Amino acid sequence: MAKRKPEDPPAGLAPWMATFSDLMNLLLCFFVLLFSMSSISEEKYNQFVASMSSAFSILDGGASAIGDGILISNGVSQLNELDQYINSTGKNADSETDSDQFEEFEANGDAQEELFQKMQEALEEENLKQNEEVAERITEIVNESNLGEQIDVNFTSEYILLSLKGAFLFDSGKAVIRSEAYPALERVGVILERYAGSVIEVEGHTDNVPMHNAQFANNNELSSARALSVFDYLMENTSLDPAMIKHSGRGEYVPVADNGTDAGRAKNRRVEIRIYNPAV
């Protein structure tokens, strides 16, 4: 019986060699990937730094700005070329443009200030006109009541001023209202009620003659007590709101006449009532 010839091996590589080859290819790709991730192209690096310089306007560009330590040296930040830095950040604008803008801003400011001043002057003029009209009406009432010798009426743009003579209201060195003055104060109360919406201020004044008695130590106390007496009378005999009235003593410090004469001292001894314009 003839012997069978052994079969020829199959064509191509053995199966295990194909698997091994695939494994080697995968490992190669893996190491190539690792290498590509761990290395940086100098050209790409320079491009990156230049792009950052252009975007943030800080560096001139390239690796030299960092490599030479212009911005960072020994761990401390510093700016060696301040003018160039300011120019690069855009904060050093054209000087002529800045000058024009400043002049325009200054001109606008002057115009606004001038407009504000004109508005203030117009308002003051209007207040002065209103107060003049009120002062004229009060003067008519005072004259009709035969009180012209005891009450002087004046005005400013801020208030109407009623000045009551101290000798008419009080005895020397005292703060008790004389009974003869009650009719005049009653008439004053009626006038003030017409302007109850305004702030009213009562001020006591004296001359500069030193005084001291059992009740008052000096002119300050005397003037304050006299202003308070007038305030109390108005509270008891009118419907005025106490919150709208204030009183104070000014002593000898705001004279309206020369204290060197008897007539001047008589004028300085007074009680002033101010009716303020509501617009003030």
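Is V134 buried or exposed? In this predicted model, V134 counts as buried, because its relative accessibility is 12%, and the residue is found in helix α5. The protein chain as a whole has 280 residues, of which buried residues make up 28%, and its secondary structure comes to 9 helices and 7 strands. The mean pLDDT of the chain is 80, although some stretches, listed at the end, fall below 50.

**Overall architecture**

- Among contacts between residues at least 6 apart in sequence, 64% join residues that are at least 24 apart.
- The surface that the protein chain exposes comes to about 19,500 Å², with carbon and sulfur atoms supplying 55% of it.

**Nonpolar cores**

- The largest nonpolar core holds 34 residues, and within it I138, L162, L192 and I273 touch the most other members.
- Two or more residues of this core come from each of several elements, including the helices α5 (95–144), α7 (182–193) and α8 (219–237) as well as the strands β3 (151–155), β4 (159–165), β5 (200–205) and β7 (270–276).
- A second, separate core has 5 residues, among them M211, F216, L222 and A225.
- When residues up to four places away in sequence are not counted, I138 touches V153, I160, L162, I191, Y195 and I275.
- V134, with neighbours within four places in sequence left aside, is in contact with I160 and Y195, while the C-alpha atoms of V134 and I275 are separated by 9.9 Å although these residues lie 141 apart along the chain.

**Strand β4 and the surroundings of S163**

- S163 has its place in strand β4 and, with a relative accessible area of 13%, counts as buried because this value is under 20%.
- Apart from its neighbours within four places in sequence, S163 is in contact with Q150, I151 and D152, and also with R270, V271 and E272.

**Salt bridges**

- The structure holds 9 salt bridges, and one network of them links E203, R250, R270, E272 and R274.
- Within this network, the side chains of R270 and E272 meet at 2.7 Å, N to O, and both of these residues are buried.
- E272 also meets R274 in a salt bridge, with an N to O distance of 3.2 Å, and R274 is buried as well as E272.
- In helix α5, E114 and K118 lie 4 residues apart, about one turn of the helix, and they form a salt bridge in which the closest N and O atoms are 3.6 Å apart.
- E114 has a relative accessible area of 42%, so this residue counts as partly exposed.

**Nonpolar surface patch**

- L23, M24 and L27 make a nonpolar surface patch of about 240 Å².
- M24 lies in helix α1, which covers residues 15–38, and counts as partly exposed because its relative accessibility is 35%.

**Confidence of the prediction**

- Of the residues in the protein chain, 66% reach a pLDDT of 70 or more.
- Over residues 1–6 the pLDDT is below 50, and this stretch has 0 contacts in the model beyond near neighbours in sequence.
- Residues 56–79 likewise have pLDDT under 50, but for them the model has 29 contacts beyond four places in sequence.

Technical notes: Residues are numbered from 1 along each chain as its sequence is written. Side-chain values use heavy atoms; hydrogens and water are left out. Buried means under 20% relative accessible area, exposed over 50%, partly exposed in between (1.4 Å probe, protein chains only). Contact means heavy atoms within 4.5 Å. Accessible areas come from the Shrake-Rupley method with a 1.4 Å probe; for residues, only the protein chains shown count as cover. Patches are made of residues with over 30% relative accessible area and no salt bridge: like charges are joined within 9 Å, nonpolar side chains (Val, Leu, Ile, Met, Phe, Trp, Tyr) within 5 Å. A salt bridge is a side-chain nitrogen of Lys or Arg within 4 Å of a carboxyl oxygen of Asp or Glu. A nonpolar core is a set of buried Ala, Val, Leu, Ile, Met, Phe, Trp, Tyr and Cys residues joined through side-chain atoms within 4.5 Å. pLDDT is the predictor's confidence in each residue, from 0 to 100.
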